[in-house]
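Trainee: I should like to learn how to read the features of a protein model. Where should one begin?

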Amino acid sequence: MELGHPTQAAIPASVMSNRDSPYAGVTALQVRIIVMSETTALLHALANSQCVDLSQSLEEHMPHYPTHSKFNHTLWNSYWHGDRALTYQLLMNEHSGTHVDAPAHFISDAKPDRHVTIDQVPVRRLIGRGVRLDCRKFQAGDYVPRKTIEDWEASHVSIEPGDIVLFNFGWSERWALRPGHAGYVENWPGVSMEAAEYLFNKPVTAIGVDTLSPDHPVALASHPIHPVALEKQVLLIENLCHLDMLPDVFVFLALPLKIRGGSGSPLRAVALF
Ligand SMILES: [Zn+2]
């Protein structure tokens with residue numbers, strides 16, 4: 001069981017009798033009661049939480065990375081044309097819209113232990129504590145330095161191992177369909193290598209941005225953080241939105257599609273708080 005406690009059936013008797021186990025001396029019935037009450041508490045917390053959608057809408061002519069394929073949404077069958085039901089065919093890149101990069105995006109199978117494809121990324125990796133950094137003062141072409149993160153931690157909260165750190169550049173306000181997309185796809189602000197390495201050393205689970213990439217276009221051509229992050233299994237989330245609606249700390253939740261051998265996946269990402 002991925003979430004919460006193991007079920008009664010999943011706990012062998014040897015675990016319940018092992019003095020080091022959290023279930024030591026607990027009967028099967030008591031485990032069932034614990035699981036039920038914690039599930040009820042989780043459902044209650046979810047029902048009373050605010051939920052912010054952090055994903056851009058997938059639609060034709062939306063901004064995309066210049067070297068990536070475009071998004072196509074094509075009518076396949078419809079009641080308007082005599083079919084029983086409505087369906088569309090999607091033709092898109094794994095990196096269309098709001099998405100996550102899997103390690104295999106940059107790390108080849110020459111490093112088999114690091115070449116992790118999106119279907120191999122544990123589903124819990126993108127469920128965890130989110131931290132939102134306000135980086136709206138950074139302009140086109142700027143890089144966020146390490147000091148900005150340290151200053152933020154000193155006045156807010158420490159970034160912990162396993163956190164999912166989101167940089168709010170305010171760049172999603174520029175998201176616009178072609179031909180109005182130039183302001184989004186050119187010269188966005190990025191995350192510096194020293195700032196990224198500071199986060200890798202925590203280590204955080206993921207870094208997210210409301211731009212096309214945490215790497216500025218110039219950095220991508222020289223010394224980008226992409227291969228360094230992905231080699232360390234730190235996931236990269238791109239094209240987020242609505243980051244200005246978040247508190248400093250929240251629950252981040254996003255589930256990648258299980259694309260066998262995939263280099264990444266579109267995400268429906270949300271924040272709960
Ligand atoms: Zn990507």
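Mentor: One begins with the vocabulary: helices (H or I, at least four residues) and strands (E, at least two) are DSSP runs, numbered from the N terminus. By that reading, the protein has 7 helices and 13 strands. Please note that this is a predicted model, in which local features need pLDDT of at least 70, side-chain atom pairs count only at pLDDT 80 or more, and totals for chains, interfaces and linings use all residues. Residues are numbered from 1 along each chain as its sequence is written.

Trainee: Into which domains is the protein divided?

Mentor: Domain bounds come from an automatic or database domain assignment. Here the assignment gives domain 1 (8–48) and domain 2 (72–272). The centres of domain 1 and domain 2, taken over C-alpha atoms, are separated by 35 Å. Along the principal axes, the C-alpha atoms of the protein fill a box of roughly 65 × 60 × 45 Å.

Trainee: How does one read the order of strands in a sheet?

Mentor: Two strands pair if DSSP finds at least two bridges between them. In this model, an open sheet of 9 strands has the order 1-13-11-5-7-9-10-4-12, and its pairing is mixed. Strand 1 (51–53) and strand 12 (264–266) are the edge strands, each pairing on one side only. To compare directions, axes are lines fitted to C-alpha atoms, for helices over the stretch in contact, and angles run from 0 to 180 degrees between N-to-C directions. Neighbouring strands of this sheet are turned by 25° against each other on average, direction ignored.

Trainee: How many bridges join strand 7 to strand 9?

Mentor: Strand 7 (residues 164–168) and strand 9 run parallel and are joined by 4 bridges. One can locate the pairing by residue: Phe167 has Val209 in strand 9 as its bridge partner. Strand 9 also runs parallel to strand 10 (residues 235–238), with 3 bridges between them, and Gly208 stands opposite Ile237 in strand 10. Strand 4 (residues 99–101), by contrast, is antiparallel to strand 12, again with 3 bridges; there Val100 stands opposite Ser265.

Trainee: Which way do the residues of strand 9 point?

Mentor: In a regular strand the side chains alternate between the two faces of the sheet. In strand 9 (residues 206–209), Ala206 and Gly208 point one way, while Ile207 and Val209 point the other way. All of these are buried. A residue is buried if 20 or more other C-beta atoms lie within 10 Å of its own, exposed if 12 or fewer, and partly exposed in between, with C-beta atoms placed from the backbone. Of the 273 residues in the protein, 32% are buried.

Trainee: Why is strand 2 said to lie largely in the open?

Mentor: Strand 2 (residues 72–77) has 6 residues and the number buried is 0, so it lies largely in the open. Strand 2 pairs with strand 3 (residues 87–91) in the antiparallel sense over 5 bridges, and Asn72 stands opposite Leu91 in strand 3.

Trainee: Which residues have the most contacts inside the largest nonpolar core?

Mentor: In soluble globular proteins, nonpolar side chains tend to be buried together. A nonpolar core is a set of buried Ala, Val, Leu, Ile, Met, Phe, Trp, Tyr and Cys residues joined through C-beta atoms within 7 Å. The largest such core here has 50 residues, and Val165, Ala206 and Ile207 have the most contacts inside it. Strand 7 supplies the largest share of this core, 4 residues. Two residues are in contact if their C-beta atoms, placed from the backbone, lie within 7 Å. Leaving aside neighbours within four places in sequence, the contacts of Val165 include Val131, Leu199 and Ile207.

Trainee: What should one look for in the backbone of the loops?

Mentor: Most residues other than glycine have a negative phi, and most peptide bonds are trans. In this model, a cis peptide bond joins Arg178 and Pro179, with omega about 10°; Pro179 is in the loop between strand 7 and helix 4 (182–185). The bond from Lys202 to Pro203 is also cis, with omega near -5°. Asn187, which is not glycine, has a positive phi near 55°. Asn187 counts as partly exposed because it has 14 C-beta neighbours inside 10 Å.
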